Amino acid sequence: MGKKKRNAVLDSIQFFFFMLGVRIIRWCSLRGAYRWARFVGWLFYSVDLKHRNRTIRHILHSGIVTDRKEAKKLALKSMIHMVKVFVEIIKFDQIVNEENFYEHIRIADNEGSQKLYNRETAVQTICATGHIGNWELAGGALSFTTGLPVTSIMRPLGNEKLGNFFYKHRCGFGVHKTTSREKGLRPLVLAQKDGHHVAIVADQHANHNEGVEVTFFGHPARAHATPALLQLKGGQPLSAPCLFRLDDDFHFELYTPELFYYTPTGDKDADVQAICQAYTTTLEKIIRQHPDQWLWAHRRWLDIERRQAKDYKDGKKIVPEGENAK
């Protein structure tokens, strides 16, 4: 079956009100815009029961907190964070320029960050990151600090006008290009050959044809194989660039853990599995540092809220009797 045709009139109305919100945010002071974000985030938390309850369940499922009251607090912070991400995308070019970039964005004081975000030591990487911090602005910051272009893969939005808006505003400084997920690996491989960083937001569920099973917060999940396939093909190290908010005065920290290199064993399936688990474990460690700046609403795990959840118990797959010896 083909995709359901969208209503162009409804898309235009949606885009009109969206742009009205954009103009209001650009007109507001930064303090006013963040105040608006806190209110809207609280409103979503109060009204959108589906995503609020899912977020709370996922937080508890991860074990990052075990008390439901604390999970609710974290869920509210996460939803407010998501609205702040939107505000920052809109306000970025009003506040940050090439001259004051490092006044607003500092480089984390760890080996991986100090090496990658330095034009003298930067190397081309495959970025396997997630919806953590301000992921939309992280790509432009990566390109600006390393001096290398970035090509990232994006899932097309249903409303093409909204999609085009975010494609334009995610770039920031540097050279940040995007390619549609529907075009497959080829544009990413070509970007690799041209010396680009290749970026994939890889913290969402991958279907059976796109990923492999990994462990995430102690529970089974399916991770996208694309970063692993690109590393095996090009040999570049994996990085996980993240742009964390430090305060409500537009100060951020650009962070990545130590770069991950991998030597292939010759067993492609085992290599893909190992690389996918490595970057998934890295993302988990990053999220544990800033749990309030991650999008917990994603249906990420196989053993909760998915059709196959019935096949798992206590984080492990149920093996039918008689198959253990196989």
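These legends describe close-up views of a predicted model.

**View 1. Asp-93 and Arg-26 join two helices through a salt bridge.**
The N to O distance between the two side chains is 2.9 Å. Asp-93 belongs to helix α4 (residues 68-95), and Arg-26 belongs to helix α1 (residues 8-27). The partners are 67 residues apart, so the bridge links distant parts of the chain. Asp-93 is exposed, at a relative accessible area of 51%. Arg-26 is partly exposed, at 30%. A search of the whole structure gives nine salt bridges, and this pair is one of them.

**View 2. Asp-248 meets Lys-84 in a salt bridge.**
The closest N and O atoms lie 3.1 Å apart. Asp-248 sits in the loop between β9 (242-245) and β10 (252-255), while Lys-84 sits in helix α4. The two positions are 164 residues apart in sequence, so the pair ties together separate parts of the chain. Asp-248 is partly exposed, with 26% relative accessibility. Lys-84 has 11% and counts as buried.

**View 3. Glu-88 and Arg-245 form a buried salt bridge.**
Here the closest N and O atoms are 2.5 Å apart. Glu-88 comes from helix α4 and Arg-245 from strand β9, with their positions 157 residues apart in the numbering. Both residues are buried. Shared partners also join salt bridges into one network of Arg-38, Lys-84 and Asp-248.

**View 4. Leu-254 is a buried residue of strand β10.**
Its relative accessible area is 0%. Which residues does Leu-254 touch, beyond those up to four places away in sequence? Its contacts are Ile-105, Arg-106, Ile-107, Ala-108, Ser-113, Tyr-117, Ala-141, Thr-145, Cys-242 and Leu-243. Leu-243 is 11 residues from Leu-254 in sequence. In space, the C-alpha atoms of these two residues are 4.6 Å apart.

**View 5. Helix α9 has a buried face and exposed residues turned away from it.**
The helix covers residues 186-193. Leu-188, Val-189, Ala-191 and Gln-192 are buried. Seen down the helix axis, the buried residues fall within an arc of 160°, so they line one face. An α-helix has 3.6 residues a turn, so residues three or four places apart point the same way. Arg-186 and Lys-193 are exposed on the face turned away from the buried side. The cover over the buried residues includes β2 (126-129), β3 (150-154), β4 (176-180), β5 (197-201) and α10 (226-234). Gly-195 follows α9 and has a positive phi, near 85°.

**View 6. Strand β7 is buried on both sides.**
The strand runs over residues 219-224, and six of its six residues are buried. His-219, Ala-221 and Ala-223 point one way. Pro-220, Arg-222 and His-224 point the other way. In a regular strand the side chains alternate between the two faces of the sheet. Strand β6 (residues 211-216) pairs with β7 in the antiparallel sense, over six bridges. Val-212 stands opposite Ala-223 in this pairing.

**View 7. Phe-217 takes a positive phi in the hairpin of β6 and β7.**
The hairpin has two residues between its strands. Phe-217 lies in that loop. Its phi is about 55°, although Phe-217 is not a glycine. Most residues other than glycine have a negative phi. Is Phe-217 buried or exposed? With a relative accessibility of 4%, Phe-217 counts as buried.

**View 8. Glu-305 is another non-glycine residue with a positive phi.**
The phi of Glu-305 is about 60°. Glu-305 lies in the loop between α11 (268-289) and β11 (312-313). Glu-305 is partly exposed, with a relative accessible area of 25%.

**View 9. Gln-231 is buried in helix α10.**
The relative accessible area of Gln-231 is 4%. Leaving aside residues up to four places away in sequence, Gln-231 touches Ile-126, Gln-236, Pro-237, Leu-238, Phe-260, Tyr-261, Tyr-262 and Ile-275.

Methods: Residues numbered from 1 in each chain as written. Predicted model: local features only at pLDDT ≥ 70, side-chain atom pairs only at ≥ 80, totals over all residues. Heavy atoms only, no water. Salt bridge = Lys/Arg side-chain N within 4 Å of Asp/Glu carboxyl O. Helix = DSSP H or I, 4+ residues; strand = E, 2+ residues; numbered from the N terminus. Buried < 20%, exposed > 50% of the residue type's maximum accessible area, 1.4 Å probe, protein only. Contact = heavy atoms within 4.5 Å. Arc of directions from axis to C-beta. Pairing = 2+ DSSP bridges.
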